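Okay, everyone, let me put this one up on the screen. I'll talk through one helix and then turn to confidence.

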Amino acid sequence: MTHVLIVDDDPDCCDALAAIIAAEGFTSTTAGNLREARAQLGQQMPGVVFSDLQLPDGTGTDLFHDLDPHLGIEFVVITGRATVESAVDALKMGAADYLVKPLSVQRVKGILSRLPRASDLKAQIGILRGELRHLGRFGPMLGSSPVIQHVYEQIARVAPTALSVLLMGESGTGKEIAARTLHQMSARHKYDFLAVNCGAISSNLVESELFGHERGAFTGADRQHRGCFERANGGTLFLDEITEMPIKMQVKLLRVLETGVFMRVGTSAEIATDVRLIAATNRDPEHAVVEGKLRLDLYHRLNVFPISLPPLRERGKDVELLAQSFLDELNDQHGTTKSFPAAVEETLLSYPWPGNVRELRNYVQPAYIMSPPGSDNTAIVPVQVSLRGSTIPSTVTIAFGTSLEDADRKLILATLDRYAGSRTRAAQVLGISLKTIYNRLSQYRATGASKGDAADAAKADPSLDGDRDGRETDV
């Protein structure tokens with residue numbers, strides 16, 4: 001049976017906490033200051049310590065530093081409302097959770113229900129950090145590039161805590177998968193994970209979706225509805241596109257995060273909830289604050305532990321790993337063994353993927369579907385060019401009077417620039433053969449039609465001294 005040490009100079013708080021702990025089947029002892037607490041640690045080593053941050057002869061943080069991290073003792077800080085920031089600092093140092101006075105019975109029970117599995121959780125994260133890391137996997141996340149490995153480390157550090165997390169990154173970078181990984185790596189994994197896209201809900205329904213409503217609360221409310229904060233109790237709530245939430249709702253969300261209680265629409269009865277919040281945005285949150293899209297106080301409450309998800313163009317060969325994973329899923333579903341031909345592999349590495357992982361998945365699926373019957377290879381399909389987030393011009397301006405030869409040169413070089421020098425992709429988009437691309441580039445470099453164009457051609461095709469691998473086959 002887990003033993004609990006309670007450290008607080010308020011006897012009423014100690015008695016109330018001890019009663020809850022006893023009701024949950026744990027034993028406990030109390031101490032009113034650091035000296036007594038250290039004496040108790042010498043007599044009986046607890047599995048969990050609940051300690052007030054402000055003590056007569058020091059702070060709870062002092063006691064936290066006294067504990068040997070190898071003993072696996074969980075530390076929960078108790079704080080007044082005015083010192084929540086200190087509690088957050090303790091969480092960043094490794095504390096398991098925190099309680100705000102006056103204590104919530106449900107919050108205490110929730111913490112106790114999760115703590116016995118904390119050692120198992122740390123062991124699980126250790127396995128993911130070690131044995132699975134070399135395979136390029138971390139829970140449901142996939143990738144082995146240095147930038148995504150940094151994300152794994154951040155998730156591993158924050159997952160076991162109660163900290164709110166703000167995920168930032170371009171659309172399609174995998175913020176929901178990262179949120180699910182955080183949930184699975186946390187002690188809340190046996191409870192529900194709920195995801196809500198704040199930008200996909202009508203503004204007049206957001207409150208009902210999050211907090212629920214009573215029957216008859218508004219026109220069409222023909223039954224009671226339990227909202228996300230109620231259904232996710234004990235688990236994790238993921239709010240995607242948080243900057244799209246109406247400002248009035250942001251005020252109510254902040255209150256729930258600070259008090260742990262909410263009210264269904266149509267009633268004044270308060271309902272307690274114990275939910276870990278993970279929010280996400282594809283905007284710059286500080287710009288969103290300036291633009292009035294995100295309340296500053298809510299931003300500070302959510303931004304306790306920010307994690308930035310890197311765009312796919314910065315993840316190197318992760319694009320091949322991810323694409324192969326998507327293709328493996330399709331092969332498993334349909335009992336096939338298709339693979340990517342060389343032209344597709346070149347596209348995977350040369351295209352910047354402005355739509356990130358989502359766009360990559362959407363590319364692999366038609367490549368698989370459009371492959372010829374009986375073929376062991378996927379089809380070579382053009383990417384669907386997305387202008388979002390691209391800094392490369394999407395048009396070529398050709399003045400009246402420009403010769404067809406010059407217009408041809410400008411269009412080919414601009415298309416190569418658009419597709420990061422991929423001759424195969426440029427040929428596909430322009431509807432010409434790969435041989436034609438090679439011949440044109442050789443001609444531009446040989447004739448030096450203009451120094452600028454020759455330089456562009458060399459940059460687009462650095463191997464132009466000779467056709468790479470001798471390939472001049474039509475496509």
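**Helix 1 and model confidence**

Let's begin just after helix 1, where Gly25 takes a positive phi of about 90°. Helices here are DSSP runs of H or I, at least four residues, and strands are runs of E, at least two, numbered from the N terminus.

Quick housekeeping: this is a predicted model, local features need pLDDT of at least 70, side-chain atom pairs count only at pLDDT 80 or more, and totals for chains, interfaces and linings use all residues. Numbering runs from 1 along each chain as its sequence is written, and side-chain values use heavy atoms, with hydrogens and water left out.

So, back at the other end of helix 1: Asp10 caps the N-terminal end, with a side-chain oxygen 3.1 Å from the backbone nitrogen of Asp12.

Which residues of helix 1 are buried, meaning under 20% relative accessible area with a 1.4 Å probe, protein chains only? Cys13, Cys14, Leu17, Ala18, Ile20 and Ile21 are. They sit on the same side of helix 1 because they cover an arc of only 165° around the axis, taken from the directions from the axis to the C-beta atoms. On the face turned away from that buried side you find Pro11, Asp12, Asp15 and Ala23, which are exposed, that is, over 50%.

Now confidence: pLDDT, the predictor's confidence in each residue from 0 to 100, averages 82 for the protein, and 84% of the residues score at least 70. Strand 14 (residues 236-240) is highest at 96, while helix 20 (residues 451-460) is lowest, at a mean of 45.

Note on methods. Polar contact = N/O pair within 3.5 Å; in protein donor to acceptor, adjacent residues only side chain to side chain.
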